[in-house]
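Trainee: I'd like to go through the cavities in this one with you. Can we take it slowly?

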Amino acid sequence: MTRPAERLSAALARRIALAAQGLADPRPAGEPGTRQLRRSAEQLAVVQIDSVNVLSRSHYLPFFSRLGPYPRPALDALSNRRHDLFEFWAHEASFLPVRLHPHLRWRMAAAEEHAWRNMVRLQRERPGYVAEVLDRVRAEGPLKASQLLEHRRDRPGTMWNWHAGKVALEWLFFTGALTARARTAGFERVYDLPERVLPAAVVQAPTPERPDAVRELVRTAARALGVATETDLRDYFRLSPADARTAVAELAEAGEVLPVEVDGWGRPAWLDPAARRPRRAQARALLSPFDSLVWERPRVERIFGFRYRLEIYTPAAKRVHGYYVLPFLLGDALVARVDLKADRLPGVLRVQAAHAEPGVDHCAVAAALAAELRLMADWMELTDVAVTGAGDLAPALSGALPAAA
């Protein structure tokens, strides 16, 4: 029987959420290594991948936000060599701890329910081609889509313009017949058979029934979020409403999530019983637009009072804050947002716009942000930080940067 709901203040719920995401405490001293990266990946459970590289490939940034400057090759090794992480569609395209592979096989098996129109067309126009591609991987080893490019008739850009080889490989990836062995320097996926990539214990692990697997995904989401609504829990792995609702009810019945009412949320919420309840948060971090703390925009607004929209696909003249905008977390508040670009040839981290949230101390925020930008620039092997754009925080930030050097 579900117990009565505990009442949480909005401030406590915010700190719980930050702690669950590894963002409540100062970063560890010293250079983080494989052990810290693995622990952080397990804590987040889902690290979203995105191809935009105006600043950095997005999956590198959450670890920098939480751990500080770490060697990027160490993270690459977790997926490309050690295979502690694997790629699949979770929230979106994501890196996940390999322990979750069996719990996503139901999604692989259900791929036929979501057949892409270009896949349907390929099967109609070239029957047997997908099987031929799979046979080639079996016989010849790892394969990139570029190795199957027969012509450039189709305009590149969207998934609907993929060439036949890319469609076949992505379909085999979606169904679980293939997995990602690595990413090239150009971020191209290298496909191979799961049994040649993933640890034997993972490949040989029994496949849970869908309800059991979904329950584990919701349980994992609850740990990663700390405190969350049913919608938040569902969104973490992009589950269906019916699946998530059933899983939450079962976890609540078992006492694995606890009902809570959070001041100002206006809807029921659920608490991970093991969630930390820090008395204060001491974070200082720039967050990728695809960071799991901020990727669900309604949750960000509910917890932080921070309205955040990705403007990459907005025409430049209509953008409010910029192209690739990162929220800045200071303490337990999102206090500013900066549009960043890595200008790699001259070695400059460019702040193309800097905006403060209403009511913050511009000088204090600018000083903290300047130090964080300098740290990021050093990590990215850029020699300078330059404020080149507009925004109400830009003057104070420009003045603070020399002191942060």
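Mentor: Sure! One term before we start: strands here are DSSP runs of E with at least two residues, and they are numbered from the N terminus. Also keep in mind that this is a predicted model.

Trainee: Which element gives the largest share of the lining of the second largest cavity?

Mentor: Start with who is there: the lining includes Phe86, Glu87 and Phe88. The strand β3 covers 85–89. The largest share is three residues, and the element they come from is β3.

Trainee: How many cavities of 30 Å³ or more does a search of the whole structure find?

Mentor: We've just looked at the second largest, which has a volume of about 40 Å³. The largest holds about 50 Å³ of space. With that cut-off, the search of the whole structure comes to four.

Trainee: Okay, which element gives the most to the lining of the largest cavity?

Mentor: Three elements give two or more residues each: α4 (72–80), β3 (85–89) and β6 (179–183). Look at the lining and you'll find Ala180, Arg181, Ala182 and Arg183 among the residues there. Those positions fall within 179–183. With four residues, the top contributor is β6.

Trainee: And by class, how many charged residues does the lining of the largest cavity have?

Mentor: Glu and Arg count as charged, and the lining includes Glu87, Arg181 and Arg183. Besides five nonpolar and two polar residues, the number of charged ones is three.

Technical notes
Residues numbered from 1 in each chain as written. Predicted model: local features only at pLDDT ≥ 70, side-chain atom pairs only at ≥ 80, totals over all residues. Heavy atoms only, no water. 1 Å grid on protein atoms, 1.4 Å probe; cavity = no way out; pocket = protein on both sides within 12 Å on 5 of 7 lines; lining within 4 Å. Points joined across faces, edges and corners; volume = space filled by probe spheres on them.
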